[in-house]
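Thanks, everyone, for making the time. I would like to take you through one model this morning, and I will begin with a small backbone detail before turning to the core, the helix packing and the domains.

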Amino acid sequence: LPYQIRFYPELLSTQNEAQRLAMEGAEEGTVVIADKQTKGRGRLGREWESSMGTGLAVSLILKPDVPAYKAPQLTLVAAVSVVKAIEQITGVKAEIKWPNDLLIEGKKVCGILTEMQADPDRIKSVIVGIGLNVNETVFPEHLHHIAASLSGFADSPPERAQLAAAVLNQFAEDYELYKQSGFAGVKAEWESYSCTLGRKIQVRQNGSYINGTAEAVDSQGVLKLRDKDGILHSIVSGDIEIS
Ligand code: BTN
């Protein structure tokens, strides 16, 4: 995956810029990195705070030759890549909370946002956005108990450029594997980094809650939840809460 990196001191959102470039025909491997985002976006319409210039905000343009329903798998692939990159650079072990959060000691240090542009079924492009908290020391009040940055766990303050390079190199490798073997190719690694499997979780689906145990992810990256009556539910997307 030859990368073409575009660096910006400040953007509203690397995700929006990558989308704009993709519409203009930017190639697979185009990467948008911003020092600061003034309107970073999270999943489900949430904000992603990254205006301090202390984190990493990256969006990658990909054009995988897979049907549209598989695009969310790229979130899981990227999560594996970022866990490995974090460990390479800082020695710190993060865990994956399905589908898109990386946690250290239960606190979120990274979020991944995968969005796609598609014709009815054919993918035109997928934008994988990675937001990593690196050297933040203060968080907005409402995030105090749920967010953290890598610097809180590493021996010395991590270098953002080093982390960016490690994330991109690692992802290039894992994306190759994904293109050859699908999510099945990275599934074992995903499982080994997961803090979701085997845990009691709650998922909101169609307005109501399902409680149960996260039993497995299948070869498509779908989460299998077993409820107290023994019924197995397939969770394709959404937010889970681990209890
Ligand atoms: C989430 O956990 O809700 C996902 C957060 C994703 C944040 C990243 S930062 C780089 C890219 N640009 C954005 O505006 N959002 C993503």
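Does Glu105 count as buried or exposed, going by its C-beta neighbours inside 10 Å? Please keep in mind throughout that this is a predicted model. Glu105 has 11 C-beta neighbours inside 10 Å, and because a residue is called exposed at 12 or fewer, Glu105 counts as exposed. I raise this residue since Glu105 is not a glycine and yet has a positive phi, of about 45°, and its place is in the loop between strand 6 and strand 7, the latter covering residues 107-118.

Leu44 presents another case of this kind: it is not a glycine, but its phi is positive, at about 55°. You will find Leu44 in the loop that runs between strand 2 (30-41) and strand 3 (47-50), and with 9 other C-beta atoms within 10 Å, Leu44 is exposed. While we are on the backbone, let me also point out the peptide bond joining Trp98 and Pro99, which is cis, with omega at about -5°; Pro99 sits in the loop between strand 5 (95-97) and strand 6 (101-104).

Now to the interior. The largest nonpolar core has 63 residues, and Val82 and Val167 are the ones with the most contacts inside it. Helix 2, residues 73-90, provides the largest share of this core, namely 11 residues, and the core draws at least three residues from each of the two domains, domain 1 (4-193) and domain 2 (200-242). If we set aside the neighbours within four places in sequence, Val82 is in contact with Leu102, Cys110, Ile130, Leu132 and Val167.

That brings me to the helix packing around helix 2. Helix 2 and helix 3, the latter spanning residues 160-181, pack at an angle of about 140°, and their axes are 8 Å apart. Because angles over 145 degrees would be needed for roughly antiparallel, this pair counts as oblique, and the crossing of helix 2 past helix 3 is right-handed. Among the helix 2 residues that take part are Val77, Ser81, Val82 and Ala85, and the helix 3 residues they meet as a group include Leu163, Val167, Phe171 and Tyr178.

With helix 4, residues 184-193, helix 2 packs at an angle of about 60°, the axes being 10 Å apart, and these two helices are therefore oblique to each other as well. Here helix 2 passes helix 4 in a left-handed crossing. On the helix 2 side the residues are Leu76, Val77, Val80 and Val83, and they meet Val186, Glu189, Trp190 and Tyr193 in helix 4.

Finally, how far apart are the centres of domain 1 and domain 2? Taken over C-alpha atoms, the separation of the two centres is 23 Å, and the contact between the domains takes 12 residues from domain 1 and 9 residues from domain 2. On the side of domain 1 that touches domain 2, helix 2 and helix 4 each supply at least two residues, and the largest share of that side, 4 residues, comes from helix 4. I would ask you to look at helix 2 once more, since it both gives the core its largest share and supplies residues to the side of domain 1 that touches domain 2.

Technical notes:
Residues numbered from 1 in each chain as written. Predicted model: local features only at pLDDT ≥ 70, side-chain atom pairs only at ≥ 80, totals over all residues. Core = buried A, V, L, I, M, F, W, Y, C linked by C-beta atoms within 7 Å. Buried ≥ 20, exposed ≤ 12 C-beta atoms within 10 Å, placed from the backbone. Domains from an automatic or database assignment. Contact = placed C-beta atoms within 7 Å. Axes fitted to C-alpha atoms, helices over the stretch in contact; angles between N-to-C directions. Parallel < 35°, antiparallel > 145°, perpendicular 65-115°, else oblique. Left-handed = near helix turned anticlockwise from the far one by under 90°.
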